[in-house]
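Here are my notes on the model, as numbered points. Have the structure open while you read.

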Amino acid sequence: MSIERVKAYFRQYGMEDKILEFDVSSATVELAAQALHCEPKRIAKTLSFKVGDGAILVVAAGDAKVNNGKYKAQFGTKAKMLSPDEVEEMVGHAVGGVCPFGINEGVKVYLDESLKRFETVFPACGSSNSAIEMTMEDLEKYSGYEQWVDVCKLPEV
């Protein structure tokens with residue numbers, strides 16, 4: 001089970017008790033926001049893409065959408081999301097609980113600039129009913145990210 005993998009990952013940092021588990025689903029941005037009683041934009045969604053033969057993860061704010069032009073400029077290829085089966089196989093987590101923690105070796109993590117608007121955000125923890133609250137510094141530290149990227153657009157206000 002994926003959440004056990006994330007708990008084991010955070011155990012090495014003494015952080016497994018910070019994982020929140022819900023009696024309701026948090027598999028989508030909207031459901032996670034309801035479970036956490038926060039704005040959907042503060043949910044840190046983890047998007048899985050295929051680049052070459054491998055997978056990358058882009059962690060973005062809940063209200064952000066991938067901008068194909070920015071994505072292609074950053075990664076040199078068209079944005080192609082992994083299928084649910086590919087996500088589980090290549091990343092190590094099932095859709096609905098994908099996060100940048102406790103992932104398969106070789107999967108690179110990128111943090112999107114859309115997250116920097118917030119003091120804290122809530123990424124999932126490997127299951128469709130879990131999350132953890134993190135500052136940007138925590139997210140950098142525990143995600144093992146490659147770099148910050150600007151590949152999303154925000155909704156018009």
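1. Let's start at the end of a helix: just after H5, Gly 144 takes a positive phi of about 60°. Keep in mind throughout that this is a predicted model.

2. Now H5 itself, which covers residues 136-143. Its buried residues are Met 136, Leu 139, Tyr 142 and Ser 143. Looking down the axis of H5, you'll find these buried residues within an arc of 140°, so they line one face of the helix. On the face turned away from that buried side sit the exposed residues Glu 137 and Lys 141.

3. What do the buried residues of H5 pack against? The list takes in H1, S3, strand S5 (108-112) and strand S6 (120-123), along with strand S8 (134-135) and strand S9 (147-149).

4. H4, residues 84-91, can be read in a similar way, with Val 87, Met 90 and Val 91 as its buried residues. Viewed down the axis of H4, they fall within an arc of 90°, so they line one face of this helix. Asp 85 and Glu 89 are exposed, on the face of H4 turned away from the buried side.

5. The packing partners for the buried residues of H4 are helix H1 (2-11), strand S2 (43-51) and strand S3 (54-61). H1 and S3 also turn up among the elements that the buried residues of H5 pack against. As for what follows H4, that is Gly 92, with a positive phi near 105°.

6. On to the aromatics: the count comes to 10 aromatic pairs. One of them is Tyr 9 with Phe 101, a stacked pair at 6.5 Å centre to centre and 25° between the planes. Tyr 9 belongs to helix H1 while Phe 101 is in the loop between H4 and S5, so this pair ties together parts that are 92 residues apart in sequence. Phe 101 has a relative accessible area of 0%, so it is buried.

7. Why is the pair of Tyr 71 and Phe 75 called tilted? Their ring centres are 4.8 Å apart and their planes are at 50°, and planes count as tilted when they are neither under 30 degrees apart (stacked) nor over 60 (edge-to-face). Both residues are in helix H3 (residues 68-75), and since they are 4 residues apart there, about one helical turn separates them. Tyr 71 counts as buried at 0% relative accessibility, and Phe 75 does too at 16%, as the cut-off for buried is under 20%.

8. Have a look at the aromatic cluster as well: it is formed by Tyr 9, Phe 10, Tyr 13, Phe 101 and Tyr 142. It includes Tyr 9 and Phe 101, the stacked pair, as well as Tyr 142, one of the buried residues of H5.

9. Elsewhere, a charge meets a ring: the charged end of Lys 116 sits over the ring of Trp 148, 4.5 Å from its centre.

10. Last, Ser 130, which lies in strand S7 (residues 130-131). Is Ser 130 buried or exposed? With 2% relative accessibility, Ser 130 counts as buried. Its side chain makes a polar contact of 2.9 Å with the side chain of Ser 127. Setting aside neighbours within four places in sequence, Ser 130 is in contact with Ile 3, Ile 19, Leu 20, Glu 21, Phe 22, Ser 26, Pro 123, Ala 124 and Cys 125.

Notes
Residues numbered from 1 in each chain as written. Predicted model: local features only at pLDDT ≥ 70, side-chain atom pairs only at ≥ 80, totals over all residues. Heavy atoms only, no water. Buried < 20%, exposed > 50% of the residue type's maximum accessible area, 1.4 Å probe, protein only. Helix = DSSP H or I, 4+ residues; strand = E, 2+ residues; numbered from the N terminus. Arc of directions from axis to C-beta. Contact = heavy atoms within 4.5 Å. Polar contact = N/O pair within 3.5 Å; in protein donor to acceptor, adjacent residues only side chain to side chain. Phe/Tyr/Trp six-rings, centres within 6.5 Å; stacked < 30°, edge-to-face > 60°. Lys NZ or Arg CZ within 6 Å of the ring centre and 35° of its normal.
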